[in-house]
Amino acid sequence: MQNNYYFIRSLSNELSKQIIGFEIATIFSQNKDELLIGLIDNNNPETEFWIRATFTPELTTLSFPQSFARAKRNSIDLFDSIIGKKITSIRQFNNERAFGIELEENFTLLFKLFGNRSNIILFSQDESSKSENSEQEIEAIFQHKLQADWEIIYEDLDRSIEQEKEDFIENGIKKTFPTFGKDVLKYINNKVENTEDREKYWQETEKLITYFDEIENLDFYVFLKTNEVKLSILNPKEFIKDAEILHKTDNAIEACNLFYMEFSRRYYLGKEKNAALKAIEKRHRQTQNYIDKTLKKIEKVENTMRYEEFGHILMANLHAVEPRSKSVELFDFYTNEQITIPLKDHLSAQKNAELFYRKGKNQKLEIDNLYQNLEKKEEQLHLFESQLDEINNFDSLKEMRKFLKENKIKVTNLQESEPDELPFKVFEYQDFQILVGKNSKNNDLLTQKYAYKEDLWLHARGVAGSHVVIKYRAGKPFPKSVIEKAASLAAYYSKRKTDSLCPVIVTPKKYVRKPKGAALGAVVVEREDVVMVEPKGFE
């Protein structure tokens with residue numbers, strides 16, 4: 001009901017008591033759906049008054065913060081022609097959800113509060129053309145998407161409606177009192193047992209009009225209806241079942257602020273909570289998938305882990321292996337069966353056994369590495385489950401944001417993104433940007449056009465794969481953790497993706513050059529370091 005005519009009438013009446021004589025100090029917008037107007041009192045320059053117009057799809061309302069800190073960026077000044085102009089009066093339009101802040105030099109700032117068609121419109125009147133019949137013309141509007149607002153005539157906003165008993169009987173309540181709105185009609189219907197009884201209906205309507213006309217004695221209610229914050233000029237307990245009153249006040253400005261505070265607290269807490277839960281649930285899901293895949297991989301490796309046994313069987317039967325054999329059939333004393341062992345025909349039996357021992361050792365290292373990763377991922381899984389429980393229990397946006405910051409949980413999606421201006425895979429990690437090429441042509445573009453000499457360049461060693469670049473940040477050395485993360489990506493987006501460990505070249509971009517006539521993506525690295533990492537996508 002913050003956009004109900006009778007509430008707006010009370011609000012404009014309250015504003016007329018407070019801001020007449022104030023001067024427009026600043027008008028700006030920091031996003032397309034919100035306008036801030038700062039006023040100062042010339043008699044007391046330290047006294048300021050703020051009007052905040054919020055016209056989002058979720059919320060259309062005015063509120064009045066005690067102070068406001070303007071952002072340094074993404075802020076634009078509007079309605080420059082009325083800066084420094086003094087407020088002379090507040091005009092409330094009859095039977096219309098609009099009021100005008102009238103200023104010296106024939107300017108008027110119209111507040112048109114039509115729900116999702118709300119707008120703020122600046123009217124002006126040229127002194128040279130001023131006459132008794134001249135009209136104010138529109139100079140600027142805030143919401144440009146509402147092009148029809150350019151046709152509004154300021155003096156025609158007053159609506160004259162015949163609202164006598166005879167009009168009510170003939171036309172019905174909706175046509176006679178279009179200003180009531182759904183909640184007021186619901187209130188009256190709740191008071192009248194038989195809505196067909198026009199006489200009784202009129203009596204209740206008349207009582208309500210008399211109550212609304214006592215503009216200085218109205219109460220306002222901020223309440224909850226099925227977890228949705230509402231504002232009412234009537235006691236919601238009298239027409240809404242299970243309404244929970246949060247605040248009651250007799251001041252329309254305070255009612256706006258209480259409504260805005262409660263709506264924002266619940267709406268933005270819910271919105272950010274859902275975003276945080278979604279982000280953690282995604283990481284939880286990714287971690288669970290990793291655990292499932294790792295368990296399958298361990299099972300597969302353990303079931304085929306016979307290299308060391310092959311070595312022992314060969315060493316026990318060196319005399320039975322013919323030179324240059326590609327395979328040999330021997331008794332397997334582990335299974336008590338004959339077994340065929342594949343051989344390298346250019347190696348002796350002993351050298352083949354040594355080869356199996358090395359493979360067996362690598363298999364054990366791989367298994368150990370898989371179990372270590374599994375343990376870390378299981379710890380992460382428990383952490384995510386704990387974080388989900390914590391976030392679900394927050395009822396304070398401030399406390400939840402503090403928790404997210406302390407636990408380094410970024411609600412915004414830092415997974416792979418491909419913004420229009422960068423044709424690569426783009427990741428953010430610990431405030432560093434990591435770019436990954438998609439193919440050979442894309443690699444060429446990344447290394448030759450988008451990477452600078454201060455950037456760090458990475459590539460899986462000895463195999464085809466994506467070029468990876470960590471963008472340099474002035475005065476910031478590349479942290480080891482960032483290098484390892486980028487190296488894991490370089491390994492993941494290469495032919496070594498399925499290896500347990502992968503060597504990755506790391507070097508400043510200035511040591512990478514493309515030879516003349518070389519194929520797309522082909523480069524020469526003049527100086528390099530190599531790190532060993534596990535291939536991993538971005539998590």
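Which helix holds the place of Lys-200? Lys-200 sits in helix α5. Helices (H or I, at least four residues) and strands (E, at least two) are DSSP runs, numbered from the N terminus. The model is predicted: local features need pLDDT of at least 70, side-chain atom pairs count only at pLDDT 80 or more, and totals for chains, interfaces and linings use all residues. Residues are numbered from 1 along each chain as its sequence is written, and side-chain values use heavy atoms, with hydrogens and water left out.

**Exercise 1. Place Lys-200 and Glu-244.**

Task: State the accessibility class of Lys-200 and of Glu-244, then list the contacts of Glu-244.

Solution.
- Step 1. Fix the classes: buried is under 20% relative accessible area, exposed is over 50%, and partly exposed is in between (1.4 Å probe, protein chains only).
- Step 2. Lys-200 has 32% relative accessibility, so this residue counts as partly exposed. Its C-alpha atom is separated by 14 Å from that of Glu-166, 34 residues apart along the chain.
- Step 3. Glu-244 belongs to strand β13 (residues 244-249). At 46% relative accessibility, Glu-244 counts as partly exposed.
- Step 4. Contact means heavy atoms within 4.5 Å. Leaving aside neighbours within four places in sequence, Glu-244 touches Val-222, Phe-223 and Leu-224.
- Step 5. Between the C-alpha atoms of Glu-244 and Tyr-221 there are 10.0 Å, and the two are 23 residues apart along the chain.

**Exercise 2. Find the buried sides of α4 and α7.**

Task: Name the buried residues of α4 and of α7, and say what they pack against.

Solution.
- Step 1. In helix α4 (residues 181-191), Val-184, Leu-185, Tyr-187 and Ile-188 are buried. They span an arc of only 155° around the axis, which puts them on the same side of α4. The arc is that of the directions from the helix axis to the C-beta atoms.
- Step 2. Lys-182 and Asn-190 are exposed on the other side of α4.
- Step 3. The packing partners of the buried α4 residues are α3 (173-176) and α5 (198-213).
- Step 4. In helix α7 (residues 307-316), the buried residues are Phe-310, Gly-311, Ile-313 and Leu-314. Their arc is only 165° around the axis, so they lie on the same side of α7.
- Step 5. These α7 residues pack against β14 (327-332), β15 (337-342) and α8.

**Exercise 3. Check the backbone around β14.**

Task: Give the sign of phi for Arg-324 and for Asn-336, and locate each residue.

Solution.
- Step 1. Most residues other than glycine have a negative phi.
- Step 2. Arg-324 is not a glycine, yet has a positive phi of about 60°. The loop between α7 and β14 holds Arg-324. At 66% relative accessibility, this residue is exposed.
- Step 3. Asn-336 also is a residue other than glycine, with a positive phi near 60°. Asn-336 lies in the loop between β14 and β15. Its relative accessible area of 58% makes Asn-336 exposed.

**Exercise 4. Classify an aromatic pair.**

Task: Classify the pair of Phe-123 and Tyr-154.

Solution.
- Step 1. Rings of Phe, Tyr and Trp (its six-membered ring) pair if their centres lie within 6.5 Å; planes under 30 degrees apart are stacked, over 60 edge-to-face, and the rest tilted.
- Step 2. There are 32 aromatic pairs in the structure. The ring centres of Phe-123 and Tyr-154 are 5.2 Å apart and their planes stand at 50°, so the pair is tilted.
- Step 3. Phe-123 lies in strand β9 (residues 119-124) and Tyr-154 in the loop between β10 (137-141) and α2 (165-171), so the pair ties together parts that are 31 residues apart in sequence.
- Step 4. Both Phe-123 and Tyr-154 are buried.

**Exercise 5. Describe Asn-443.**

Task: Locate Asn-443 and list its contacts.

Solution.
- Step 1. Asn-443 is in helix α10 (residues 440-450).
- Step 2. At 5% relative accessibility, Asn-443 counts as buried.
- Step 3. Beyond neighbours within four places in sequence, Asn-443 is in contact with Gly-437, Lys-438, Gly-465, Ser-466, His-467 and Gly-521.
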